[in-house]
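Me: Can you walk me through the side-chain contacts in this one? I'll throw questions at you as we go.
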Amino acid sequence: MGFEWLAIAMFVGFFLILMSGYPVAFSFAGTGIVFGLVGWFVGAFDPSRLLLLPNNWFGTMSNLTLLAIPFFVFLGAILEKSGLAEDLLETIGIVLGSLRGGVALAVVIVGTLLAATTGVVAATVIIMGMISLPVMLRYGYDKQLAAGVIVASGTLAQLIPPSLVLLVLSDQLGVSVGDLFLGALIPGLMLSASYAIYVLVIAFLKPKVAPALPLEARQIGQAALIRKVIKAVIPPFLLIAVVLGSIFFGLATPTEAGAVGAVGACGLAALNRRLNWTLIKSASHATAVVTTVVISILFCSAFFGLVFDALGGKTLITGLLVNLPGGKIAFLIVSNILIFLLGVFLEFIEICFIAMPLLVPAAQQLGIDMVWFGVVMAINLQTAFISPPVGFSLFYLQSVAPKEISTIDIHKGAVPFMVLQVVMLFVVMLFPQTVSWLVELAAAPVL
């Protein structure tokens, strides 16, 4: 077996350190250093391999796909911190308030729109939890439905472009981020539609669970309502259309589109007289934090991967996955179980850098379409994000939920939406055309 046992011990040691709460980047680096020294001592690791690291790191820094991350994070931070996202939710809530389940439906719509602009789950869940949850409780919504729809809709940012998950996955999978965005669009919208249908059906079958808002809560003049829609809804929608449309139609790269979106968000804040240095500093700080986390994990995971590969770890894992009884089906089952379990305990960035380097070589050898595989993994990660008892979105909402919403309410409320996610995962796995259709359409020559 050679020194593969050392690679297995290295991965187990890394995971144990990670579970202790130690920062991910330092867990990668520390484990790599320790096992690199052990490997050198027993003759399994040649330190000259470390000379490959500078080329690897410089290649990472020249990757224009990763440059899109700070632009999209900044875009989302401006919309969040300027109050534009809050205005969007309030306006759509008023428009749909006359319907049973109208506020919950507004949460789904706004969650979809914010997902298509920010790509950041935590911000979306917290914004909607602070704004819409008290409103739904005040007017008699069931606690579990109110909590569940916010958790699920806010987590759509995991899947709907320009998701940060897709940006990081494109780098790890070695596929075009534009193709990954196109592939994820239809599944993302289908998932959003399934949430909306579920809310409307529940509201129809159980009117007391999701009542319409009383007239006094949505009483506003027609002219005033039109002004609010024009001011709060149409500009963000146009921004989404410009950013994603420019990517889908090949007019701009994701990085260029992200830059345009960031400038556009500042323009919307300026039009609403909310653009100031405090806002820019706050959004820039949030962007710097997220970007630094991603890059530091990427650098340290590259070092970890170099040592792990030298000890024979990647070859061992790839061989095991490729030779599973059942071929592709068995590989997909094992991959989805692994990603789901990791997704319950870890953030998506950590999972991408831990699991993808192990899964990608096997998927490529098995001839799996990597764009489709990436979308399947993104849906799986989103499912894990809302899965009780430790899904991250549950804790995001819990941090801002009113006292009358218990932890049990949030967890029970997430279960029906988690079931919808699992159904969508099977739909995408059984019908790969849901992913490939737009990608193939974009690649087809224009007659």
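Reply: Sure, ring rule to start: rings of Phe, Tyr and Trp (its six-membered ring) pair if their centres lie within 6.5 Å, with planes under 30 degrees apart counting as stacked, over 60 as edge-to-face and the rest as tilted. This is a predicted model, where local features need pLDDT of at least 70, side-chain atom pairs count only at pLDDT 80 or more, and totals for chains, interfaces and linings use all residues. Residues are numbered from 1 along each chain as its sequence is written, and side-chain values use heavy atoms, with hydrogens and water left out.
Me: Which residues do ring pairs link into a cluster?
Reply: Phe11, Phe14, Phe28, Phe304 and Phe308.
Me: And how many aromatic pairs does the structure hold?
Reply: There are 11. In one of them, Phe28 and Phe304 have ring centres 5.2 Å apart and planes at 65 degrees, so they sit edge-to-face.
Me: Are Phe28 and Phe304 buried or exposed?
Reply: Both are buried, meaning under 20% relative accessible area (exposed is over 50%, partly exposed in between; 1.4 Å probe, protein chains only).
Me: OK, what about Phe331 and Phe373?
Reply: Their ring centres are 5.8 Å apart with planes at 25 degrees, so that pair is stacked. Both Phe331 and Phe373 are buried.
Me: Switching topic: how many salt bridges by the rule?
Reply: One, taking a side-chain nitrogen of Lys or Arg within 4 Å of a carboxyl oxygen of Asp or Glu. Asp87 and Arg274 form that contact at 2.7 Å, N to O.
Me: Is Arg274 buried or partly exposed?
Reply: Partly exposed, because its relative accessibility is 25%.
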